[in-house]
Amino acid sequence: MTTYTARPIDPMVLKELRSADDAGRRMVPVTDEEGGAPLRCCLRRSEPGERIALVSYAPLRRWAAETGARPGAYDEQGPVFIHVEECGGPAAGSGYPFADAHRVLRRYSPEGHILGGELVDTLDDEAFRRAFDDPSVALFHVRAVEYGCFFYEVRRPRADTA
């Protein structure tokens, strides 16, 4: 059982990205012959033979559009893998996705400004709780260490659900 919610890319946003990504480019579908690509639509690794695409995604920009935040220069975009066709989203399960390597938890303020980050060995409730120890943290991104790629976001739990 996990305390925090790993948020995949929203299905409505995925629909937009499949038409034109956040850099304005059209999706280029490929067949993943080897498998193993980290899919941000369903928060699992691809299987050999699945149809996927690498698209540009601006997670903070999308969050800011929902909340009215103004991230300014912190608005970045980067590559993410998604299924070419609509998928069922994440399967119910235990643990946090993509916990198979060191990750960075990059923290953001309600304005969308970076408040710091932490390199973690394990994605677990304790690491996620530490990310929210600072009350000014509104959300954080789980990112790859090597390239800084976005995996998913975790938002501060509402007071009535914590």
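Okay, helix 2, residues 59–67: the buried residues there are Pro59, Leu60, Arg62, Trp63 and Ala64. Keep in mind that this is a predicted model. So what do those buried residues pack against? They pack against helix 1, which is 11–19, and against strand 4, strand 6, strand 8 and strand 9. Right after helix 2 comes Gly68, with a positive phi near 85 degrees.

Let me take strand 4 from that list. It covers residues 50–57, and 6 of its 8 residues are buried, so we can call it mostly covered. It has partners in strand 1 and strand 5. With strand 1, residues 30–32, there are 3 bridges and the two run antiparallel. If you want a register marker there, Thr31 stands opposite Arg51. With strand 5, residues 78–83, strand 4 shares 6 bridges, again antiparallel. The marker for that pairing is Val55, which sits opposite Val80.

Now the sheet with strands 8 and 9. How many strands does it have, and in what order? There are 4 strands, the order is 7-6-8-9, the sheet is open and the pairing is antiparallel. At the edges you find strand 7, 114–120, and strand 9, 150–155, and each of those pairs on one side only. On average, neighbouring strands in this sheet are turned by 20 degrees against each other, if you ignore direction. As a reminder, strands of a sheet pair through backbone hydrogen bonds.

Zoom in on strand 8, residues 139–144, and strand 9. They pair antiparallel over 5 bridges. Together they make a hairpin with 5 residues in between, and Gly148 in the turn has a positive phi of about 80 degrees. For the register, Arg143 is opposite Phe150, and Leu139 is opposite Arg155. Is strand 9, as an edge strand, enclosed or open to the outside? Well, 5 of its 6 residues are buried, so strand 9 is largely enclosed by the rest of the structure.

That brings me to the cores. The largest nonpolar core has 20 residues, and the ones touching the most other members are Leu105, Leu123, Phe128, Phe140, Val142, Tyr152 and Val154. Helix 3, which is 125–131, strand 8 and strand 9 each give two or more residues to this core. There is another core lying apart from it, with 17 residues, including Leu14, Ala37, Cys41 and Phe150.

Back to Val154 for a second. Which residues does Val154 contact, once you set aside neighbours within four places in sequence? The list is Tyr4, Thr5, Ala6, Phe128, Phe132, Leu139 and Phe140.

Several of those are aromatic, so let's talk rings. The structure holds 7 aromatic pairs. One of them is Tyr4 with Phe128, an edge-to-face pair at 6.0 Å centre to centre with 70 degrees between the planes. This pair links distant parts of the chain: Tyr4 is in the segment before helix 1, Phe128 is in helix 3, and they are 124 residues apart. Both Tyr4 and Phe128 are buried. Then there's Phe132 with Phe140: the ring centres are 5.1 Å apart and the planes are at 55 degrees, so that pair is tilted. Phe132 counts as buried at 6% relative accessibility, and Phe140 counts as buried too, at 0%. Ring pairs tie Tyr4, Tyr96, Phe128, Phe132 and Phe140 into a cluster.

Last stop, the loops. Two residues that aren't glycine have a positive phi. Leu43 has one of about 55 degrees, and it sits in the loop between strand 2, 38–39, and strand 3, 44–45. Phe98 has a phi near 55 degrees, and its place is the loop between strand 5 and strand 6, the latter being 103–108. Buried or exposed, then, for Leu43 and Phe98? Leu43 is at 10% relative accessibility, so it counts as buried, and Phe98 is buried with 7%.

And one glycine to finish. Gly35 is in the loop between strand 1 and strand 2, and it is partly exposed, with a relative accessible area of 23%. Leaving out neighbours within four places in sequence, Gly35 is in contact with Ser46, Glu47 and Pro48. From the C-alpha of Gly35 to that of Pro79, 44 residues along the chain, the separation is 17 Å.

Conventions:
Residues numbered from 1 in each chain as written. Predicted model: local features only at pLDDT ≥ 70, side-chain atom pairs only at ≥ 80, totals over all residues. Heavy atoms only, no water. Pairing = 2+ DSSP bridges. Axes fitted to C-alpha atoms, helices over the stretch in contact; angles between N-to-C directions. Buried < 20%, exposed > 50% of the residue type's maximum accessible area, 1.4 Å probe, protein only. Contact = heavy atoms within 4.5 Å. Core = buried A, V, L, I, M, F, W, Y, C linked by side-chain atoms within 4.5 Å. Phe/Tyr/Trp six-rings, centres within 6.5 Å; stacked < 30°, edge-to-face > 60°.
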